[in-house]
Amino acid sequence: EWISRRADFIQWAQKEESDQSPRMFHLIGLPATGKTAVASYVVSFLRWKFQQNSCQYHFFPSGDQIKRTGTYILRSIAFQIARVNPVFRSKLFELYETESVAFEHQKLLTIWEKIFEGILFKMDVGPPLFWVLDALDETDSSDLLLRLFNKFRSKTLIKILVVSRPSANLPRMTMSTKDTLGDIRTYVERAARDTLRVDNQVQKEIVDKVLGAANGSFLWVGLCLEELRTSWSQDDIQKAITNMPLGMESMYRRLINSVAEQPERGRKMAARILTWTACSYRPLHVLELRAALELEFGGLVRFEEMIAQTCGHLVRVHHSEVTPLHETVRAFLHENLSTLSTSGPQGHEYLALTCIQYLSNDRWRNLFTKASDGLSRTRGTKEERHRQVASLEKENPFLAYAASNWAFHVSKSNPNS
């Protein structure tokens, strides 16, 4: 909640625009310092302070190439406004009917000119709109979006909060270690009290040592606490605190080393999972990844449990999707995975070959031929064909990913391979 008490944020979050209350603000912070959590709080704060419909937002998901594009963010914002504003919604339908504009296939500037400049900015929707855009620096069009956001004119006041790592020349708020210290202290104190269940003196030592080394990083603190949870005595806790690596890179290197020290089969499985996590076009569903790995390892059981055991804290399963613990993990894997397995062009080559091997099985020809013959005999409609394909994809979880993305991985592979 610290941000809602800062004078520069309070000035920005006003219903008017002035020198003291600018239209755009840029919150910057170093990686793994809780920027996304702050952005999420800002959304909740604005909706509480103004109206539920007054705030639109976009959080760039880790590792999803489609949702990291500038066009996707504009479509997302437009969709959120259309859901709550019937006039804007009807104008979008009218645009589609008159010009047959399929928004998902349009370029960024086309969407901006037709939907935002052509419709939204000419409307008076009443109360101000607030847009919160997290991790804008990770999109493919951050510079272009910032230029567009800086120069537009709108009948309705629109205020934009951009959250990113240090970049861009905007009025800015900087997240400092002082800002997040109170939240980190509360987090560590609660964990030491409720999870570790140690006496008061040890609790104090844990809090003091972790806070002293955290440097504002929630992620580092979280990984430290996970390490401490595996300690079974106060002596183990003291040793763990003393030997805790400083900084995220050292922490990741320690986790990678622990993965590499596993028996051969576990190490190889972890290497494959990490390669998929680092290089996949989008996060894979647990069932998709399991199907891909079964080509090499045979039938797998208790797969989610196995991910946690073999990959440590580098990978997580979130809403049934396998993702890096944090975007900084992906960057680290690309730079350091060669010590364990493959990354970069070699990683994409492995993914491409897996997709091609999967698609080369004769069973697909037989299945699709059988499905096509059945639809031809019954004169199946287009909807029936879609249902048939959807049924095949449900029964074969990796089919859609392999068919849609093998070429992407080939394009990222070494051309001399």
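Helices are DSSP runs of H or I covering at least four residues, numbered from the N terminus. The model discussed here is predicted, and L145 is found in its helix α6, which covers residues 142-151.

## Surroundings of L145

L145 has a relative accessibility of 0% and therefore counts as buried, the limit for that class being under 20%. Leaving aside neighbours within four places in sequence, L145 is in contact with G70, I73, L74, L108, L136 and T139. One of these partners, L108, is separated from L145 by 37 residues in sequence, while the C-alpha atoms of the two lie 8.9 Å apart in space.

## Nonpolar cores

The largest nonpolar core of the model comprises 65 residues. Within this core, I206, W276 and L293 are the residues with the most contacts. For I206, once neighbours within four places in sequence are set aside, the contacts are V188, L196, V198, L228, I237 and I241. Another core lies apart from the largest one and has 34 residues. Among the members of this other core are I81, W112, L146 and I158.

## Salt bridges

The count of salt bridges in the model comes to 15. Three of the pairs are listed below with their N to O distances.

| Basic residue | Acidic residue | N to O distance |
|---|---|---|
| R6 | D8 | 2.8 Å |
| K114 | E99 | 2.7 Å |
| K204 | D208 | 2.9 Å |

The pair formed by K114 and E99 links distant parts of the chain. K114 belongs to helix α5 (residues 108-117) and E99 to helix α4 (residues 86-99), with the two positions 15 residues apart in sequence numbering. K114 has a relative accessibility of 31% and so counts as partly exposed, a class that runs between 20% and 50%. E99 is likewise partly exposed, its relative accessible area being 43%.

The pair formed by D208 and K204 is instead contained in a single helix, as both residues lie in helix α8 (residues 200-214). The two are four residues apart, which corresponds to about one turn of the helix. D208 has a relative accessible area of 38% and is partly exposed. Helix α8, given its range of residues 200-214, also includes I206, one of the residues with the most contacts inside the largest nonpolar core.

Salt bridges also join residues into a network, whose linked members are R68, E138, R165, E327 and R330.

Note on methods:
Residues numbered from 1 in each chain as written. Predicted model: local features only at pLDDT ≥ 70, side-chain atom pairs only at ≥ 80, totals over all residues. Heavy atoms only, no water. Core = buried A, V, L, I, M, F, W, Y, C linked by side-chain atoms within 4.5 Å. Buried < 20%, exposed > 50% of the residue type's maximum accessible area, 1.4 Å probe, protein only. Contact = heavy atoms within 4.5 Å. Salt bridge = Lys/Arg side-chain N within 4 Å of Asp/Glu carboxyl O.
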